[in-house]
Amino acid sequence: MLKKWMAVSAITLLLVSGCSKNETDEDVLEKNDGTGVADQSEDNKAAERYPFTGIGSDKEVMGRSVAVMVNNHPAARPQSGLGQADIVFELLAEGEVTRFLAIYQSEQPEIVGPVRSARDYYIELAKAYDSLFIAHGNSPEAKKMLDQGYIDNLNGLYYDGTLFERVNYRQAPHNSYITFDHIKEGAIEQGYDLDQPPASMTFMSEEEAEKIDGEQANELSIAYSTKNPAFNVSYEYDESTRQYKRASNDEWTVDYDSGAPVLLSNILIIEAPHQTLDADGRRDIDLTSGGKGYLIQRGRMSEVNWTNKEGRILPVVDGKEQGLVSGKTWINVIPADPGLESSVVIN
């Protein structure tokens, strides 16, 4: 299956690698199959809802979440499977390089990657969302956690060439991928439960979402670095879909295989204390103390605080958790120094 996918993907890359922010909205949205505005009348009738998107389902919602460490080096872009993630966390690893923790529950893409190595704070987040954790490699601190069974996991260090496969159109360490079929195979082999769905997040009704107010936020940018723009982020609101498109270094974040853009209903940007621990630049990121944040939805921005509730990062105002709009969520974690006011521009 992977070899067939590799052949198709090599052709697809020629079509999507030039997908820049100069494309029109129509160009980008033509590639996006069925990810526009949902039929709210039908969604409101749904008996059940997916726990991480709030989107209705006419079937019983089952299935454990799966959290995958996804590479964000320029040599790893465009990635595969990001658009199907319910939640994506973006945090700094070493230096000024960000990595993604992509959490899947409502959808399972055929393949995800490139897969990258674990850090302890990504593991903590995956645990909070009841996830099976997928990574290829680890820092020393992350290795201790994984070896001690802190979280159910599959590590490419031990499955390289079996569950994890290397593609031939990218160079290591940017070429490790895993299919969801292989994730299921590995979970069965290890005796991990894949049936139990996670606890739900808090979502607004559509009526509540229509009343969202705040500062206009049709375009926004986040500077993770003043020296290296390759990891800076921008978002643009599309009124027709009521969702945000995302870009890294002015290149749209699209799926490697389909060319479909990542579309988001919620963007949460939080500042958290970062500390460099060693000569290799490994970090400690304080994701427990809470702090300031921006919550962006429906073309508006609200200033919020964030809190850690049982490991999950949640927006709050006056101590009350703020509901999310039904759909997918991206959470950007930036250093408290220099902080939101210096790192984020909103128009």
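This section describes a three-stranded sheet and the aromatic contacts of the structure, which is a predicted model.

The sheet is open, and its three strands follow the order β6-β10-β9 with antiparallel pairing. β6 (111-112) and β9 (164-166) occupy the edges; each has a single partner strand, so one side of each is left without a neighbour in the sheet. Two bridges join β6 to β10 in the antiparallel sense, and V112 has I178 of β10 as its bridge partner. On the β9 side, strand β10 (residues 176-179) pairs in the antiparallel sense over three bridges. Here E165 is bridged to Y177 of β10, while F164 stands opposite I178. I178 thus appears in the pairing with V112 of β6 and also faces F164.

In a regular strand, side chains alternate between the two faces of the sheet. In β10, S176 and I178 lie on one side, and Y177 and T179 lie on the other. These four residues are all buried, and both faces of β10 are covered. Helix α7 (residues 180-190) lies across β6, β9 and β10. The helix runs at about 75° to β10.

Aromatic side chains provide a further set of contacts, with eight aromatic pairs in the structure. One of these is formed by Y121 and Y122, whose rings are 5.0 Å apart centre to centre, with 35° between the planes. This arrangement is classed as tilted. Y121 and Y122 are both buried. The rings of Y237 and Y244 have centres 4.9 Å apart and planes at 45°; the pair is therefore tilted, since stacked pairs have planes under 30 degrees apart and edge-to-face pairs over 60. Y237 and Y244 are likewise buried. In addition, F52, F89 and Y129 make up one aromatic cluster.

Two basic side chains are placed over aromatic rings. The charged end of R77 sits over the ring of F231, at 5.3 Å from the centre of that ring. K245 lies over the face of W252, where the distance to the ring centre is 4.7 Å.

How values were computed:
Residues are numbered from 1 along each chain as its sequence is written. This is a predicted model: local features need pLDDT of at least 70, side-chain atom pairs count only at pLDDT 80 or more; totals for chains, interfaces and linings use all residues. Side-chain values use heavy atoms; hydrogens and water are left out. Two strands pair if DSSP finds at least two bridges between them. Contact means heavy atoms within 4.5 Å. Axes are lines fitted to C-alpha atoms, for helices over the stretch in contact, and angles run from 0 to 180 degrees between N-to-C directions. Buried means under 20% relative accessible area, exposed over 50%, partly exposed in between (1.4 Å probe, protein chains only). Rings of Phe, Tyr and Trp (its six-membered ring) pair if their centres lie within 6.5 Å; planes under 30 degrees apart count as stacked, over 60 as edge-to-face and the rest as tilted. A charge sits over a ring if NZ of Lys or CZ of Arg is within 6 Å of the ring centre and within 35 degrees of the ring normal.
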